[in-house]
Amino acid sequence: MDIKVICPNCGAEIEKDSTRCPYCGYINVEGAEKKFLSDLDEIDRNIKETKKEPVKALAKGFTGGTKTILITVTVLLIIAILIVVELFRETRDEPKLFMSADEQAYASAYVEQTGEPSEE
Ligand SMILES: [Zn+2]
């Protein structure tokens, strides 16, 4: 990293690994080549990792589409709520059956015992 070379354009001392001369912007071929190769290496590594973990890549894709999924889920949820509300309304519209005296006594006893209304 500390090795210096002379910029062929302006003659300034620049780092051997730098891609450009910081003074004149001249492209340091040796440094640029090194960076290019290391970039290629990283791309190659990324491709290999993606191939190795297709599930992970798929999950990444899902993360990208999170907004779409959220909208879909919200719409489905609204539809589900509407269906439940409709069913609840239908149930309430049914004529209420009165309990017999025995059943009422049983229900009262049940409520006293558990503190919860009987579901009969
Ligand atoms: Zn230079």
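## Confidence

Among the elements of the chain, strand β2 (residues 13-15) carries the highest mean pLDDT, 93, and helix α2 (residues 54-64) the lowest, 63; pLDDT is the predictor's confidence in each residue, from 0 to 100. This is a predicted model, in which local features need pLDDT of at least 70, side-chain atom pairs count only at pLDDT 80 or more, and totals for chains, interfaces and linings use all residues. Residues are numbered from 1 along each chain as its sequence is written.

The chain averages a pLDDT of 82, and 82% of the residues score at least 70. Where pLDDT is low, the predicted coordinates should not be read in detail.

## Layout

Four helices and two strands make up the secondary structure of the chain, in the order β-β-α-α-α-α from the N terminus. Helices (H or I, at least four residues) and strands (E, at least two) are DSSP runs, numbered from the N terminus.

## Two helices

Helix α1 (residues 29-52) has 24 residues and spans 34 Å from its first C-alpha to its last, close to the expected 34 Å; the expected span is 1.5 Å times one less than the number of residues. The number buried among the 24 residues of α1 is zero, so α1 lies largely in the open. Here, buried means that 20 or more other C-beta atoms, placed from the backbone, lie within 10 Å of the residue's own.

Helix α4 (residues 101-114) reaches 20 Å with its 14 residues, and none of them is buried. Just after α4, Gly115 takes a positive phi of about 80°.

Notes. Buried ≥ 20, exposed ≤ 12 C-beta atoms within 10 Å, placed from the backbone.
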